[in-house]
Amino acid sequence: MSRSSHGEPRRYFINNLPDHVASSEVIIDEARIKDQILQIVSNILKKEPPSAKHADGGLYVGIGGIAYMFFHLSQNRAFQHEKEQFVAKGLEYIREAERFYSNKSSRDAGNIVGFLLGASGCHAVSAVLNHCIGHEEVSKNNVEQYSSAMNMCLPINFLPYGGDELLVGRAGVINGDIWLENVLGRKNIPTDLLVKVCKSTFDSGQIYARAHCPHFALMYSYYQTEYLGAAHGLSSIVQMLLSVPEFLSAYPEAVPYLKKSVDDLLSVQTENGNFPPAMDEVGSNSRSSDNELVHWCHGGPGVIYLLAKAYLIWKEERYLIACLKIGDLVWEKGLLKKGPGICHGIAGSGYVFLLLYQLTNDKKHLHRAKQFAEFLNSSDFERARIPDSPYSLYEGWAGTVCFLADLLAPEKAEFPFFKIFS
């Protein structure tokens, strides 16, 4: 394992991949990538079959995320002949996931509300898959369960360790509702309930910032840590609030606070384009260059989605410039040794380039995404760490499948559940 000048092991493989040559075309070999996807899917089916014993961890590392993978594939034009088969497989997985949560002895609020780490995300995916086969009563029941979970998180302190973040908190259920509306093409959750959840999230951020971080417009704490990244922190929470036009219309006075929150985050972007994982690593407490976290969960590859949203809303060039800096950082340090996944792996880095390609239409970013996809087949990648949940959506190969499928339709690419373009 290579080591940095500080004696610490590098978190990434050195990038010796060829960068894009100006004006050259980027050719995506659809047949080869499709074969690769089908081989990975076959391996997932063999190694992680649909069983409630694999369901803990929701969409994040449980089999609910594999169900999402099958839905994601079913929507891709390259798999139109496999669509029905993929929906059927997705249903097998999500039914086992829901069975796990219905029998779960621990019925705390986090397990019920959690979109990525709990039951509500599985209800959302079930609603969509059942809609695909015309089982509207089941789908409607799933939506009602989702609505019930949203009601649970209205009290600001519904979780004592922090109820605003993406995995178990309010940002997650807001995110899920945005996804449900987009996929089903209709309102599912009463607008007044969605707005109330957004308002609780906004109020929580104001209250915490005034007490603990007054130079920021909004701030949140999860297990007593002021996270900034997408998994638990400020960036994804603000991103979700900016993605709900009904909330922005009902509370226009919130908009300046949200914009200042984006700018507050921008103020701690490092020289190389990254973002500290939490406030306790800002400035003089920052990590060494080779030890910094360049992940979707913690770092620039997750914050970029908020900055892209801000750029689309306010059209200010500085937000796009910040996104491009992240892209160059990911090209340098994004071949992560932690595995293939989208949370802290190579597919999550690849999604950064697909987003930048959509923002700029510059083929350089599509080329970089393709190069990262090809690195997954390299001998170097064989030295990457095997994740704890190697077939899952966020840590493992299910999320990688989504990235590879999106490489076949880059103009429609979307990091799972993160809708940036309206």
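1. Start with what surrounds helix α8. In this predicted model, the buried residues of α8 pack against α3, α5 (109-113), α6 (119-132), α7 (136-152), α9 (191-212) and α10 (234-242). Twelve of the 15 residues of α8 are buried, so the rest of the structure largely encloses this helix. The buried set takes in Arg170, Asn175 and Asp177, among others, alongside residues such as Val173, Ile174, Ile178 and Trp179.

2. The geometry of α8 (residues 170-184) looks as it should: from first C-alpha to last it reaches 21 Å, close to the 21 Å expected at 1.5 Å a residue. Just after α8 comes glycine 185, with a positive phi of about 70°.

3. Now compare α1. Its 18 residues should span 26 Å at 1.5 Å a residue, and the end C-alpha atoms are indeed 26 Å apart. Which residues of α1 are buried? They are Ile33, Lys34, Gln36, Ile37, Ile40, Val41 and Ile44. These cover an arc of only 160° around the axis, which puts them on the same side of α1. The spacing fits a general rule: an α-helix has 3.6 residues a turn, so residues three or four places apart point the same way. On the other side of α1, Gln39 and Lys46 are exposed.

4. What lies over the buried side of α1? The cover includes α3 (63-74), α4 (83-103) and α17 (397-407). For one residue in detail, take isoleucine 37: apart from neighbours within four places in sequence, it contacts Leu73, Phe79, Val401, Leu404, Ala405 and Leu408.

5. Ile37 turns up again in the largest nonpolar core, which has 147 residues. Ile37, Met69, Trp296, Leu307, Tyr394 and Phe417 are the residues with the most contacts inside this core. Helix α15 (residues 346-360) supplies the largest share, ten residues. As a general point, nonpolar side chains tend to be buried together in soluble globular proteins.

6. Two backbone spots deserve a look. Phenylalanine 417, in the segment after α17, has a positive phi of about 70° although it is not a glycine. Serine 23, in the segment before α1, likewise has a positive phi, near 75°. Are these two residues buried or exposed? Phenylalanine 417 counts as buried, at 2% relative accessibility, whereas serine 23 is exposed, with a relative accessible area of 76%.

7. On the aromatics, a search of the whole structure gives 33 aromatic pairs. One of them joins phenylalanine 13 and phenylalanine 375 in a tilted arrangement, 5.5 Å centre to centre with 55° between the planes. This pair links distant parts of the chain: phenylalanine 13 sits in the segment before α1 (30-47) and phenylalanine 375 in helix α16 (residues 363-375), 362 residues apart. Both phenylalanine 13 and phenylalanine 375 are buried.

8. Elsewhere, ring pairs connect Tyr60, Trp296, Tyr305, Tyr351, Tyr394, Phe403, Phe415 and Phe418 into a cluster. Trp296 and Tyr394 of that cluster are also among the residues with the most contacts in the largest nonpolar core.

9. Finally, check two lysines that sit over rings. Lysine 337 lies over the face of phenylalanine 13, at 5.7 Å from the ring centre, and the ring of phenylalanine 13 is also paired with phenylalanine 375. Lysine 199 lies over the face of tyrosine 251, at 5.1 Å from the ring centre.

Terms used. Residues are numbered from 1 along each chain as its sequence is written. This is a predicted model: local features need pLDDT of at least 70, side-chain atom pairs count only at pLDDT 80 or more; totals for chains, interfaces and linings use all residues. Side-chain values use heavy atoms; hydrogens and water are left out. Rings of Phe, Tyr and Trp (its six-membered ring) pair if their centres lie within 6.5 Å; planes under 30 degrees apart count as stacked, over 60 as edge-to-face and the rest as tilted. Helices (H or I, at least four residues) and strands (E, at least two) are DSSP runs, numbered from the N terminus. Buried means under 20% relative accessible area, exposed over 50%, partly exposed in between (1.4 Å probe, protein chains only). A charge sits over a ring if NZ of Lys or CZ of Arg is within 6 Å of the ring centre and within 35 degrees of the ring normal. The expected span of a helix is 1.5 Å times one less than its number of residues. The arc is that of the directions from the helix axis to the C-beta atoms. Contact means heavy atoms within 4.5 Å. A nonpolar core is a set of buried Ala, Val, Leu, Ile, Met, Phe, Trp, Tyr and Cys residues joined through side-chain atoms within 4.5 Å.
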